[in-house]
Amino acid sequence: LDCFEFQENYLLLIAVKDEASNALTDDIVKEMKSLGLDFDLRNHYRWAYLAALGEDGVIYENMADEPLYFDDNIEDIQITMFSAGYENGNTASILIGGKEYALNGRGLNIVVYDKVNGDMVDSICVDTYLDNTLTR
């Protein structure tokens, strides 16, 4: 997240799979808060989490000890997201226009989407359970 330079034409979408609190560092939480996100997953073992950010800031953010689902149009782009902890489905999904972009790995699944060009800029997963390993 520290390398994410927010562009006005980008959407930033986050969905958690399995567990994301164990190795979540103060620095990662600080970076998320710098983007305007409020929720802190630390001490919320295997909770679900979803977030969507646009040029005007946070569009949606929620976390719960049960599965979370988001389905809405953001600037005429259909966004569907799902997050579930290990015991409640163990899945992260980020669909944009019906196409899956999440890597569905353990931890934070993050997708950056260019809404002007209609292209995915990046899709990563940060294993915030084990060691903050980043997968592309």
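Here are some notes for anyone looking at this predicted model for the first time.

1. **Leu 13, a good place to start.** Find Leu 13 in strand 1, which runs over residues 10–18. Its relative accessible area is 0%, so Leu 13 counts as buried. Its neighbours come from several stretches of the chain: leaving aside residues up to four places away in sequence, Leu 13 touches Ala 51, Ala 52, Ile 79, Met 81, Ile 94, Ile 96, Asn 109, Ile 110 and Val 111. Take Met 81 as an example: 68 residues separate it from Leu 13 along the chain, yet the two C-alpha atoms are 8.5 Å apart.

2. **The end of strand 1.** Asp 18 also belongs to strand 1. Its phi is positive, near 70 degrees, and Asp 18 is not a glycine. Is Asp 18 buried or exposed? With a relative accessible area of 11%, Asp 18 is buried.

3. **Ser 21, in the loop that follows.** Move on to the loop between strand 1 and helix 1 (26–34) and you meet Ser 21. Ser 21 is buried too, at 9% relative accessible area. Its side chain makes a polar contact of 2.5 Å with the side chain of Glu 19. Further along the sequence, Ser 21 touches a run made up of Leu 41, Arg 42, Asn 43, His 44 and Tyr 45, and also Thr 128.

4. **Helix 1 and its two sides.** Which residues of helix 1 are buried? They are Ile 28, Val 29 and Met 32. These residues span an arc of only 100 degrees around the axis, so they sit on the same side of helix 1. As a reminder, an α-helix has 3.6 residues a turn, so residues three or four places apart point the same way. Over on the other side of helix 1, the exposed residues are Asp 26, Asp 27, Lys 30 and Ser 34. As for the buried side, its cover includes strand 1, strand 2 and strand 8 (107–114). After helix 1 comes Gly 36, with a positive phi near 105 degrees.

5. **A cavity by the helix.** How many cavities of 30 Å³ or more does a search of the whole structure find? The search turns up 1. The largest cavity holds about 30 Å³ of space. Its lining consists of Leu 24, Val 29, Met 32, Lys 33, Phe 39, Asp 40 and Leu 41. Two of these names should be familiar, since Val 29 and Met 32 are among the buried residues of helix 1. Leu 41 has come up as well, as one of the residues that Ser 21 touches.

6. **Asn 43, another positive phi.** Asn 43 lies in the loop between helix 1 and strand 2. Like Asp 18, it is not a glycine, and its phi is positive at about 70 degrees. The surroundings of the two residues are another matter: Asp 18 is buried, whereas Asn 43 is exposed, with a relative accessible area of 77%. Asn 43 is also one of the residues in contact with Ser 21.

7. **A hairpin.** Strand 2 (residues 48–54) and strand 3 (residues 57–64) are antiparallel partners, joined over 7 bridges. The two strands form a hairpin, with 2 residues between them. To see one pairing for yourself, look at Ala 51, whose bridge partner in strand 3 is Glu 61. Ala 51 links back to the first point, being among the residues that Leu 13 touches.

8. **Thr 80 in strand 5.** Strand 5 covers residues 77–85, and Thr 80 is in it. Its relative accessibility is 15%, so Thr 80 counts as buried. The side chains of Thr 80 and Asp 71 make a polar contact at 2.7 Å. Asp 71 is also on the contact list of Thr 80, along with Tyr 69, Phe 70, Ser 93, Ile 94 and Leu 95. Ile 94 is touched by Leu 13 as well.

9. **Gly 98, out in the open.** What is the place of Gly 98? Look in the loop between strand 6 (91–96) and strand 7 (99–100). Gly 98 is exposed, with 64% relative accessible area. For a sense of scale, Gly 98 and Ile 124 are 26 residues apart in sequence, and their C-alpha atoms are 19 Å apart in space.

Notes. Residues numbered from 1 in each chain as written. Predicted model: local features only at pLDDT ≥ 70, side-chain atom pairs only at ≥ 80, totals over all residues. Heavy atoms only, no water. Helix = DSSP H or I, 4+ residues; strand = E, 2+ residues; numbered from the N terminus. Buried < 20%, exposed > 50% of the residue type's maximum accessible area, 1.4 Å probe, protein only. Polar contact = N/O pair within 3.5 Å; in protein donor to acceptor, adjacent residues only side chain to side chain. Contact = heavy atoms within 4.5 Å. Pairing = 2+ DSSP bridges. Arc of directions from axis to C-beta. 1 Å grid on protein atoms, 1.4 Å probe; cavity = no way out; pocket = protein on both sides within 12 Å on 5 of 7 lines; lining within 4 Å. Points joined across faces, edges and corners; volume = space filled by probe spheres on them.
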